[in-house]
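Please keep the viewer open beside this text, with the sequence panel visible, and make each selection as the tour reaches it. The stops begin with the whole chain and then move to single helices, pairs of helices and individual residues.

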Amino acid sequence: MALQNAQIPVPIHFHDLPEALLLQIFASIEPTRARNSASLVCRRWRDLERRTRSSLSLRGNPFTTPYPPFPFPRFPSLSSLDLSNLSPWGRVPSHTPLLVGPTLPICFPAVTDLTLYSRDPTALISLTHHWPSLKRVKLVRWHNRPSGADVGSDLSPLFENCAEIEELDLSEFYCWTEDVTEAVSRHALVARNLTGLDLMLANATDGFRASELISISEACPNLRRLSAPCAFNPRYIDFINDATLLRIATNCPHLTTFHLVDTTPITLNNNPGPANNLQENNPSTITPTGLESLFSSLPFLTDFSLDLSHPILEVGPALESLGQRRACLIKNLKLGNFQGVCKGKWLHLDGVSVCGGLESLCLKNCGDVSDGSLAAIARGCTRLSKFELIGCDLVTELGIQKLALGLRRTLKEFCVSRCGLVSAPALVKALKPLRGRLERLHLDGVWTQPEARKVNVLERQSDVGEHDMLDENNDLNGLCEPRSKRSRHRYEEDVELSFGDTTTVNGECSQWHYQSWDNLRELSLWLPAGEFLSPLLEIGLDDCPNMSSIIIKVEGNCRAKPDPHTFGMNFLSIFPNLSKMKLDLGEAIGYAFTAPFGQMDLSLWERFYLHGIGELLSLQELDYWPPQDREVNQRTLSLPAAGLIQGCYNLRKLFIHGTAHEHFMRFFLQMMHLRDVQLREDYYPAPEDDMSTEMRDESCRRFELALNNRRVLD
């Protein structure tokens, strides 16, 4: 009887959930492909996806009338819109935005964050008129500034139509420094609302002068984030000095992010040794006393970057004052050409090691940073999750071992570049304690170390005062253990532990060495021109089961290189989840047209680097920068490169940062899974007029029409 009276449970359908809960579920979907697939299930899911999408990047040809093509869905909650990649890239005529402008605000009524390629002020005039409530704007332009344009005319439409703007990003926008100063000064009421300014102008060679930065800071007193290239060179008129920094801090006391970069090319000799007297001959215009005054004037500072081309001496006390006053506030530091950052003598914490709250630290061209400095940083900055070491020639493998051991519980991103005493095999060997924890890693493809440097390493390892400044009776974060205890597991010294060994640290059992790089998601490599990729697998990076992205940058002069065989791209096929690659050959210099007798032109070099890329079956996205000939400003895709890229059967996205011939682009129509192809000339100066056989506006239109008319399998 009880069984008869029991109610049969009624199944609940997914659509029976409350509307608010469904919106929360769809809002939590982040991958773009997953959202696109969900919108194709049914009309209900399509509506839910459109109502919860917050960001979108549009591509396509604005010559289509109307644009976007009708009927185009409406996204009522979309707040971030990227229009910088419309096709043909960077070549939108002045009349096209008049077709785009009236349509886009209807489809995206709630946009507050806009990214736009603004080749001339016409695009801003058309779009900002329909979105007066914009809060954040990023402008992109790699072409030359329009000739004859008035100073400040590129930015005036933005300030005139968007009175509520709060953040302006010009990091990829080529213009004059006078344009920014004039536009901000002319619209003082709007400038007072600005809280973020990124003025890292594209191809900035001179930087802002002292009077310009002071004028901007006076017009924008509520700034919280400021980034700018500056002229620190005392040979220039109106250069940046201590008084300038203090004046900026006084005008903008609420700054939390403050980034300044010297645009003067670094020509100083950073080689260690007493013969290097360039520090005394080329002093910086910034002094430690000025830094202390700056830090005391910015009580909310959490992110500070100062990259100089001239050395600033004995900055340890200034950094100690920063750490002692705001140890819990300062999170990110980037120091370029700072001397005396951390001396690391004995157990005393000095300099930057006093900043215990740091989460990210970058030391660039700090010539006196040694192994003892890294050990002190590991003891003092126990929260570091990101560490970069660039151009520090006194650092050896032993110092990186100490750093990795001390930060083995927190460090997730690590970069070592241009450190003369650290080769790639030595770096990978020193990072054994971090194998199971690192998520991002950058290293230079220096597979061997010169014999003179090897002897120097051995001499420095025998220097106990430099490398083993550890007290007998102290134990700080596992680095300073009693000698009787350290003798059991002398990781830094002669005993070489095998993979999988277990070590006791502070009475706890710790697995230092991991068989594989389980958490490594992104690997970045710098390689000199002509170097091979195959040694990468021999140094211990052959087991990265979850690595999904790799960045390869090649730099150097290819003109005098001999005829090589293959780069070794096929060796990357051992990474099963590798889906994204950035191959940057933009700094590989060679001959674009006819090379002299006995030398290779750039087409053969492209064959060298791309040979074997078709064997990467999991690769789905490729960003490719072709090599260039600077004499003719030529960066174009060659025939061998087009044929080899065509072999990537599973490739879905292809972005070529240069030009190409139309008949070469036709090769890509044979790739059945390819969905998105675009040419981007995002380098300065972008070509104004291409040759007759290269991609023009009409060529791009024909190619994209043929690409979109194909039937895609999925």
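A residue is called buried here when its relative accessible area is under 20%. By that cut-off, 53% of the 714 residues of the chain count as buried. The model is a predicted one, and its secondary structure comes to 26 helices and 22 strands. With the whole chain still selected, consider the contacts whose partners have a separation of 6 or more: residues 24 or more positions apart account for 78% of them.

**A mostly covered helix**

Select residues 121–128, which form helix α7, and show the surrounding chain as well, since 6 of the 8 residues of this helix are buried. Which residues of α7 are the buried ones? They are P121, A123, L124, S126, L127 and T128.

**Three pairs of helices**

Next, select helix α9 (residues 177–186) together with helix α11 (residues 210–219), whose axes come within 9 Å and cross at roughly 30°. Angles under 35 degrees count as roughly parallel, and α9 is therefore described as roughly parallel to α11. The crossing in which α9 passes α11 is left-handed. To see the contact itself, display the side chains of T177, E178, V180, T181, V184 and S185 on α9, and those of E212, S215, I216 and A219 on α11. Coloured by class, the contact of α9 with α11 shows 4 nonpolar, 4 polar and 2 charged residues.

Residues three or four places apart in an α-helix point the same way, because the helix has 3.6 residues a turn. Keep that spacing in mind when looking along the next pairs.

Move on to helix α12 (residues 242–251) and helix α14 (residues 288–297), which pack at an angle of about 0° with their axes 9 Å apart. That angle makes α12 roughly parallel to α14. On the α12 side the contact is made by D242, L245, L246 and A249, while α14 contributes G290, S293, L294 and S297. By class, this contact of α12 with α14 has 4 nonpolar, 3 polar and 1 charged residues.

For the third pair, select helix α23 (residues 602–610) and helix α24 (residues 639–646), where the packing angle is about 20° and the axes are 7 Å apart. These two helices, α23 and α24, are therefore also roughly parallel to each other, and their crossing is right-handed. The residues to display are S603, E606, R607 and L610 of α23, with P640, A641, L644 and I645 of α24 facing them in the contact. The residues in this contact of α23 with α24 divide into 5 nonpolar, 1 polar and 2 charged.

**Backbone details in loops**

Most residues other than glycine have a negative phi, and most peptide bonds are trans. The following three stops depart from one or the other of these patterns.

Begin with S87 and P88, where the connecting peptide bond is cis, with omega near -10°. P88 is found in the loop between β2 (80–83) and α5 (97–100).

Then centre the view on E314, in the loop between β9 (303–312) and α15 (316–325). Its phi is near 50°, a positive value in a residue other than glycine, and E314 is partly exposed, at a relative accessible area of 46%.

Go from there to N365, in the loop between β11 (360–364) and α16 (371–380), which likewise is not a glycine and has a positive phi, of about 55°. Is N365 buried or exposed? N365 is buried, with a relative accessible area of 2%.

**Cysteines without a bond**

The last stop concerns disulfides, of which the structure holds 0. Select C252 and C220: C252 is in no disulfide, and the nearest cysteine sulfur to its own, that of C220, is 7.0 Å away. C252 counts as buried, at 0% relative accessibility.

Finally, select C355 and C381. Why is there no bond between their sulfurs? The sulfur of C355 has its closest cysteine sulfur in C381, at 6.3 Å, which is too far for a bond, because a disulfide is counted here for a pair of cysteine sulfur atoms within 2.5 Å. C355 counts as buried, at 0% relative accessibility.

Key. Residues numbered from 1 in each chain as written. Predicted model: local features only at pLDDT ≥ 70, side-chain atom pairs only at ≥ 80, totals over all residues. Heavy atoms only, no water. Axes fitted to C-alpha atoms, helices over the stretch in contact; angles between N-to-C directions. Helix = DSSP H or I, 4+ residues; strand = E, 2+ residues; numbered from the N terminus. Parallel < 35°, antiparallel > 145°, perpendicular 65-115°, else oblique. Left-handed = near helix turned anticlockwise from the far one by under 90°. Contact = heavy atoms within 4.5 Å. Nonpolar A, V, L, I, M, F, W, Y, C, P; charged D, E, K, R; others polar. Buried < 20%, exposed > 50% of the residue type's maximum accessible area, 1.4 Å probe, protein only.
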